[in-house]
Amino acid sequence: MEPSVSFFSGFAPKDLLFLGEAALRTMWISVLSISIGTVLGVIFGWILYEGKWAAALTVAPVLDVFRSVPLIIQLVLFYNFAPIVGLNLDPFASGVVILTIYTAALVANVARGGIEAVEPPMRRAARSLGMSYWQDLRYVVLPIGGRAVFPAWVGVALGVMKDSALVSVLGYVELLKASQILITRTQEPFLILTISGAFYFALSYPISRYAASLERKWAQ
Amino acid sequence: MIEIHDLHKYFGSLHVLKGINLNVEKGEVLSVIGASGSGKSTLLYCINGLEPVQQGNVMVDGTDVHAKGTDINKLRQQLGMVFQQWNSFPHLTALENVALAPKIVKGKSKAEAREIAAQQLKHVGLGEKLDVYPSALSGGQQQRLAIARALAMEPEYMLFDEATSALDPELVGEVLETMRMLAEEGMTMICVTHEMGFARDVSDRVAFFHQGVMEEIGPPEQIFGNPQSEHTQKFLANVR
């Protein structure tokens with residue numbers, strides 16, 4: 001009898017390590033995209049607020065495109081067509097670029113809402129004390145408006161973290177891709193997806209808890 | 001000294017101030033009375049440059065408020081303003097509310113700014129409330145906080161825009177008392193107000209505004225005792 005070659009083997013403890021590593025990659029790509037995307041989003045939000053009709057004609061439609069087209073389509077289009085214009089980015093970099101823009105598009109509207117949440121009389125009071133336009137933005141609008149829209153921003157951040165799973169279609173081995181690899185080998189989708197789901201939960205739960213405790217502190 | 005010369009202000013096609021001429025001397029307390037929409041609040045906004053003007057000018061200690069080269073942020077440090085809505089910064093304690101502008105605008109050290117703030121809060125009777133957030137203060141206390149916040153910039157002039165209009169009746173007294181105290185200390189004040197008792201007792205002069213025109217100005221005895229203009233007479237008859 002021919003010696004049989006085994007393509008399949010059961011779930012082993014070292015696979016947990018493999019998933020853990022992938023979870024770190026999910027975290028890394030998320031942290032990077034959310035941080036840069038938030039900074040850009042706040043700038044876009046300010047442009048939307050201050051730019052009036054000029055912004056409505058330029059920035060707003062671009063952001064609308066990125067908000068409206070499914071992320072998976074953006075990722076595949078960007079990864080495959082960027083090389084045509086000379087941008088040879090690996091899956092990780094492509095993922096960061098698209099997730100960052102996507103985050104920025106979502107955060108822009110949150111940020112604009114935050115600026116609008118600070119009533120003009122409050123800003124006049126700040127200016128009447130001699131604060132410059134930028135001091136008013138930094139010391140009055142940012143803290144007050146930021147707190148008003150913080151829950152919305154946390155929602156965006158957690159959403160982007162979960163959506164980062166879509167970068168797997170480019171071949172980047174983050175949590176979802178790692179799970180698929182293991183499922184192919186072990187044929188144990190139920191077990192592996194449960195573990196993978198637990199990792200996602202472990203990544204987002206501390207964030208939502210921390211956010212809730214911040215909100216409680218601010219409410220005092 | 002504040003000198004207002006032939007001041008015209010439009011909101012779109014609405015002519016809100018129609019050629020105001022007015023001088024306010026150092027140490028003077030001027031009350032501005034008149035019906036809603038007569039332009040009295042707008043006058044204050046024009047004095048500290050929160051609203052642009054279309055004609056005429058406002059000079060504060062010789063500086064044209066609306067001139068292109070004027071450093072308006074620096075000039076506003078001379079012009080403390082208290083609004084109808086107190087606008088306390090909700091994320092800061094009373095002490096931090098008052099200390100913020102001295103720190104970031106005047107560049108005082110943190111310790112120095114806090115010391116000034118504590119002093120001003122004691123001055124307006126909030127010495128016990130230094131570490132309290134505005135949400136835990138009454139309207140009257142928040143308005144006194146706003147007064148302390150303006151005073152912390154050590155202004156030469158104080159502008160009050162209906163500082164008691166948004167308050168519950170039982171809280172009006174404490175704010176008027178604080179304003180009276182400032183007047184007695186010699187602060188130069190322009191008070192847009194509906195409190196006729198305050199205007200009569202505290203002011204050196206009272207100005208009556210009617211539809212964007214300063215109809216009449218004079219000592220309180222004249223305005224309240226023997227008003228010359230027909231509109232002044234009618235207005236005072238209605239508020240009494």
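# Chat: where chains A and B meet, and two pockets

A: Chain B and chain A bury about 1,800 Å² between them, with 67% of it on carbon and sulfur atoms; buried area is the accessible area (1.4 Å probe) that two parts lose on being put together, summed over both.

Q: Which residues in chain B lose the most area to chain A?
A: They are Phe89(B), His91(B) and Ile104(B), together 31% of what that side buries.

Q: Before we go on, what kind of model is this?
A: This is a predicted model, where local features need pLDDT of at least 70, side-chain atom pairs count only at pLDDT 80 or more, and totals for chains, interfaces and linings use all residues. Residues are numbered from 1 along each chain, chains are lettered from A in the order in which they are written, and side-chain values use heavy atoms, leaving out hydrogens and water.

Q: OK! How many residues does each chain bring to the contact?
A: Chain B brings 22 residues and chain A brings 18 residues, where contact means heavy atoms within 4.5 Å.

Q: And how many salt bridges across the interface?
A: The rule finds zero between chain B and chain A. A salt bridge here is a side-chain nitrogen of Lys or Arg within 4 Å of a carboxyl oxygen of Asp or Glu.

Q: What classes of residue are on chain B's side?
A: The side of chain B that touches chain A has 14 nonpolar, six polar and two charged residues. Ala, Val, Leu, Ile, Met, Phe, Trp, Tyr, Cys and Pro count as nonpolar, Asp, Glu, Lys and Arg as charged, and the others, Gly among them, as polar.

Q: New topic: how much space lies in the largest pocket?
A: About 520 Å³, the volume being the space filled by probe spheres set on grid points, which are joined across faces, edges and corners. On a 1 Å grid over the protein atoms alone, a pocket is an open set of points where a 1.4 Å probe fits, with protein on both sides within 12 Å along at least five of seven lines; lining residues have an atom within 4 Å of a point.

Q: Which residues are closest to its centre?
A: Of the 20 lining residues, those are Val42(A), Ala111(A), Val141(A), Leu142(A) and Gly146(A).

Q: And which helix gives the most to that lining?
A: α6(A), with eleven residues; helices are DSSP runs (H or I, at least four residues), numbered from the N terminus.

Q: What lines the second largest pocket?
A: Residues of both chains, including Trp218(A), Tyr133(B) and His91(B). That pocket holds about 230 Å³ of space.

Technical notes. Helix = DSSP H or I, 4+ residues; strand = E, 2+ residues; numbered from the N terminus.
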